[in-house]
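This briefing covers one protein chain. Please look at the sequence and the 3D view before reading the points below.

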Amino acid sequence: KPILLQGHERSITQIKYNREGDLLFTVAKDPIVNVWYSVNGERLGTYNGHTGAVWCVDADWDTRHVLTGSADNSCRLWDCETGKQLALVKTSSAVRTCGFDFGGNIIMFSTDKQMGYQCFVSFFDLRDPSQIENNEPYMKIPCSDSKITSAVWGPLGEFIIAGHENGELNQFSAKSGEQLSNIKEHTKQINDIQTSRDMTMFITASKDNTAKLFDCTTLEHLKTFRTERPVNSAALSPIFDHVVLGGGQEAMDVTTTSTRIGKFEARFFHLAFEEEFGRVKGHFGPINSVAFHPDGKSYSSGGEDGYVRIHYFDPQYFEFEFEA
C-alpha cells in the first residue's frame, strides 16, 4: 500500500527528493510548499510566503537551502531547517523552473513569456549578496523564440539544459550565456527534464506522447519511450535500467472519458529495450510529477488530484532485476 500525502488543495506541480532522499519536497498550484519525511510520509513542515501557484522546487546538495519559483512573480530561497525565507527575487512574470548548481552556490531560474514580457533565464551567485539585494543577476539569457518549460543543470554546473514549448532542447553555458547546442527531437512541448544519478544522461517528458533519453554533454538522442498519452514527467532509476513515466490526458479533458480509459497509471519501461514492463494505478487524474528515491527502493508520484503517493517496491522487484 502506498503512503498517501495530503498536504495540498490543488494539483501537484513538482515533487523533488533531496540528495540523501530522507526528505521529499512537494509544490502545487496553491501557495504552500511542503516538506515530508519520505520514510513514513510524516509532514516535517511548510515554507510559507508565496501568494500564487508554485511551479518548481529544488534543494541544494547538502539540503541546507530550498529554492521555489511561483506564479506570484517571485523566486524565493528558504532555510531548509527553520523554514525562514532568506531571499526574495522579484520577477516580471511567473517563475517556471528553478535549480541549484552542483555546489549549491549558483541558482538559475526561468520566467514565463507573458504580459508582454520575454522569457529569461537568470543566474544569481549566492556568494555575492548584492546580486539578490539589487535584484541583478550576473547573467540573463533571453529566449525570444519559444518559452522555457523545464530546465536542469548539466554536470559540474557548466551549463544548463532547457526544454522549450516548441519541443526544442538547448544547452546554455552558465559562464558566458551562449547557446552551446540546440536540437529538436520532440514535436510538442517538453514538460519535464530529469538527469540520471551520475548526470551523464537526462530524460525528457513531452506532450507528443513520448519520453526520450539523451546524453547530457552531446545532447545525442539515445532512446524513446512511447505511450498513447501526453507524458508529464519521467524519472530514471538510480540503481536499475528502469524509467518511470507519469502522465495522462490534459486535465481539461479528464471529465470527458471514463476513468478506466483515463490511463492515470505510472508506467515502467526498461531503459535499454524501451519496453513497458509494469504499471501502477492509484491517482484520480493525470500524474504531473514523478521522482525516484535516490536509493532506488521507492518512488513517488504527484497528481492532478492533489495527492502525493510514495510507493515502496516489493522485494521481488530487486530479485527480478538481478536475475535478469
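Over residues 183–224 the chain is 57% strand and 0% helix, and the C-alpha atoms at the two ends are 15 Å apart. Helices (H or I, at least four residues) and strands (E, at least two) are DSSP runs, numbered from the N terminus. The model is predicted, and local features need pLDDT of at least 70, side-chain atom pairs count only at pLDDT 80 or more, while totals for chains, interfaces and linings use all residues. Residues are numbered from 1 along each chain as its sequence is written, and side-chain values use heavy atoms, with hydrogens and water left out.

**Annotated repeats**

- An unreviewed UniProt entry carries the annotation "repeat: WD" for residues 5–46, 47–88, 183–224 and 280–310.
- UniProt positions are given here in the numbering of this model, feature names are shortened, and annotations may be inferred rather than shown by experiment.
- Residues 280–310 are 0% helix and 55% strand, with 11 Å between the end C-alpha atoms.

**Strand β15 and its neighbours**

- Strand β15 spans residues 159–164, and 6 of its 6 residues are buried (under 20% relative accessible area; exposed is over 50%, and partly exposed lies in between, with a 1.4 Å probe and protein chains only).
- In a regular strand, side chains alternate between the two faces of the sheet.
- In β15, Phe159, Ile161 and Gly163 point one way, Ile160, Ala162 and His164 point the other way, and all are buried.
- Strand β14 (residues 148–153) runs antiparallel to β15 and is joined to β15 by 5 bridges; two strands pair if DSSP finds at least two bridges between them.
- Ser150 stands opposite Gly163 of β15.
- The hairpin of β14 and β15 has 5 residues between the strands, and Leu156 in the turn has a positive phi of about 60°.
- β15 also pairs with strand β16 (residues 168–173), in the antiparallel sense and over 5 bridges.
- Phe172 in β16 is the bridge partner of Ile160.
- The hairpin of β15 and β16 has 3 residues between the strands, and Gly167 in its turn has a positive phi of about 95°.

**Cysteines**

- The whole structure holds 0 disulfides, a disulfide being a pair of cysteine sulfur atoms within 2.5 Å.
- Cys98 is in no disulfide, and the nearest cysteine sulfur, in Cys56, is 3.1 Å away.
- Cys98 is buried, with a relative accessible area of 5%.
- The sulfur of Cys216 is too far for a bond, because the closest cysteine sulfur, in Cys98, is 18 Å away.
- Cys216 also counts as buried, at 1% relative accessibility.
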